[in-house]
Amino acid sequence: MAASSFTRCLVKSYFCVKCVAHAQTTTRMFCVSASRSSFVDAPKAQFTDTEVQDILTKITGLDLKKVFRPIRRQLTPPKYKLMTDTELEEAVRKAEEQAKHLLKTPPVLPERKPINDVLYEDQMLEGMDTAKYVFTDINFNVPHRERFIVVREPSGTLRKATWNERDRLIQVYFPKEGRKITPPPIFKEENLRVVFEQDRHEDVLNQCIVQFEPDSAEFNNVLMLTYEDIEKHGKYDLLRSTRFFGGLTWHLVNGRRIDGLLVDMLQRDLMQDAVRLVRLFNLVHPQSESAQQAQTQQATDLDLLKIYAQYESNRAGFIELAVQTYEQTKALSSF
Amino acid sequence: THKNAIFIGQITRFVLQRIRDWKRSAPVLRLNFRASSSSSSADDTDSAEVLSRYSDRPWEYLESEEYIERYGSKPVWSNYRRNHKGGVPPQKTRKTCIRGDKICGNPCPICRDPNIIVHYKNVNLLQQFISPQTGIVHDPTRTGACMKQQKLLNKAIETARDCGLLSAQLPHVDYSKEDYSNTHGAVAATPAPFSLSSGELWYPWYGSIKPDERELARVKRIYKDYLKPDV
């Protein structure tokens, strides 16, 4: 019994209740799920958890043709190499590693707290000028988040610069490639609508991560608008195998709206991905009906899907039908 | 043709265009709207119609019949040839084709057709001046555009990329080396100043280092007039 659950833990990262009782070293990475099995009101999974990241990377997929599709840039004459089979496999492996590096999700962070810190109020300097003076520390070896930027107002107060002012000034003194000092008009509502109609969500998201910091309000706003539009029209495949699919899934799971995505996966016969998605939902919402039922029944694979369809989903009929068809085809093919 | 060129130079810009169009597509009788409006070649009546019909919506011209008839599916600069001495053209095209009312001989592909307006929303026109393989704007020596129009083109392409109408190539952003904890005093509230609690020393090693006895005695002897009585 213990041996079978042990192998299950190694092969699939699902519940392993028995591992709690046995002090086995391999259960270290599954300790999140293991602890949840013992407590009912367990903490919600965070974005940075290993298991969550693991599920998200697996759902994103690794379509090398899409990740390394030809982009418009300075062309060089093509290189042809004669390779043996082993060398070819080695090259493919290196390409996959590079693809994994390119597909790392941008971090999902809580919104940064505004800076309202007055360092000194000097009445003597009041009215000395009509403009504000901004003093920036431009030492090269200081990280941008530890750089002191202070503003002397015309009223004489010396205060720390706000986040917007900080971003603008750091871009002035240490310009980053592709980032503009003022945000470009693509992030306005009307322009975003035009771009979404052309199905260029990935371009918008690339522009967004280049322009804004990941914990700023505008970054989260643009991401949310994009994800909403994708979910409204069901265009999940546009982001599959890009670095934004993890963020999209996380947003949907937190909003408890994974039905559209689940149906899309089932339509494309991605059963494993659908199961992982439901598993992620159970991790993030441990108090929900489906999570508790799955826990009590120790469900795995397609049973998870059935439980989710039964308790939480709006499109239960479709999900159950898809699961049944899959089981039938599997049974037929095994004969 | 040289005498013809001198004669043509005295006529206004639109009659000039009509003759050139007729030369290019001879069998088609082109009834241009401008020719029907005023037959006189006076400058003021023609300069009043300088504003082309498509000045409000320049992108409509690229779908119109006259455009397709004139250019087909090729870019507007495909049949333009610069006139210069020698085999190697000058590395910069002319500064501008139109100075005031006068238009030069052999104007560039954008200036020769007043319906072609460089506007950031005119995406199809802008795409013709960008290489489809590399995404770089074509050099004016290749397209033949005058420098003024090339500057306008560059500005329009940049605005179109900012508004998202044209795709731009962006660098890959790496998040692995950044720290987003925001705990440093530069971005968080200033931490309270350090104050000593009673009995605590400023440096932790104050109590642990013992001075040399003889040195201490010597120093005390030198400064014995200035020492506090309890030391």
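This passage describes the fold of chain A, its helix 12, and a charged surface patch on chain B.

The model is predicted, with local features requiring pLDDT of at least 70 and side-chain atom pairs pLDDT 80 or more, while totals for chains, interfaces and linings use all residues. Residues are numbered from 1 along each chain as written, chains are lettered from A and ligands numbered from 1 in the order written, and side-chain values use heavy atoms, without hydrogens and water.

Chain A contains 16 helices and 4 strands (DSSP runs, H or I of at least four residues and E of at least two, numbered from the N terminus). Of its 335 residues, 41% are buried (under 20% relative accessible area with a 1.4 Å probe, protein chains only; exposed is over 50% and partly exposed in between).

Helix 12 of chain A, residues 259-267, is mostly covered, with 8 of its 9 residues buried. Among them are Leu261(A), Leu262(A), Val263(A) and Met265(A), together with Asp259(A) and Asp264(A). The cover, judged by contact (heavy atoms within 4.5 Å), includes helices 4, 11, 13, 15 and 16 of chain A. After helix 12 comes Asp269(A), with a positive phi near 65 degrees.

On chain B, a surface patch of positive charge gathers Lys92(B), Lys95(B), Arg99(B), Lys102(B), Lys148(B) and Lys151(B). Such patches take residues with over 30% relative accessible area and no salt bridge, joining like charges within 9 Å and nonpolar side chains (Val, Leu, Ile, Met, Phe, Trp, Tyr) within 5 Å; a salt bridge places a Lys or Arg side-chain nitrogen within 4 Å of an Asp or Glu carboxyl oxygen. Arg99(B) belongs to strand 1 of chain B, residues 98-99, and is exposed at 54% relative accessible area.

Methods. Areas by Shrake-Rupley, 256 points an atom, 1.4 Å probe, with all protein chains shown as cover. Lys, Arg positive; Asp, Glu negative; His and termini not counted. Charge placed at Lys NZ, Arg CZ, Asp CG, Glu CD.
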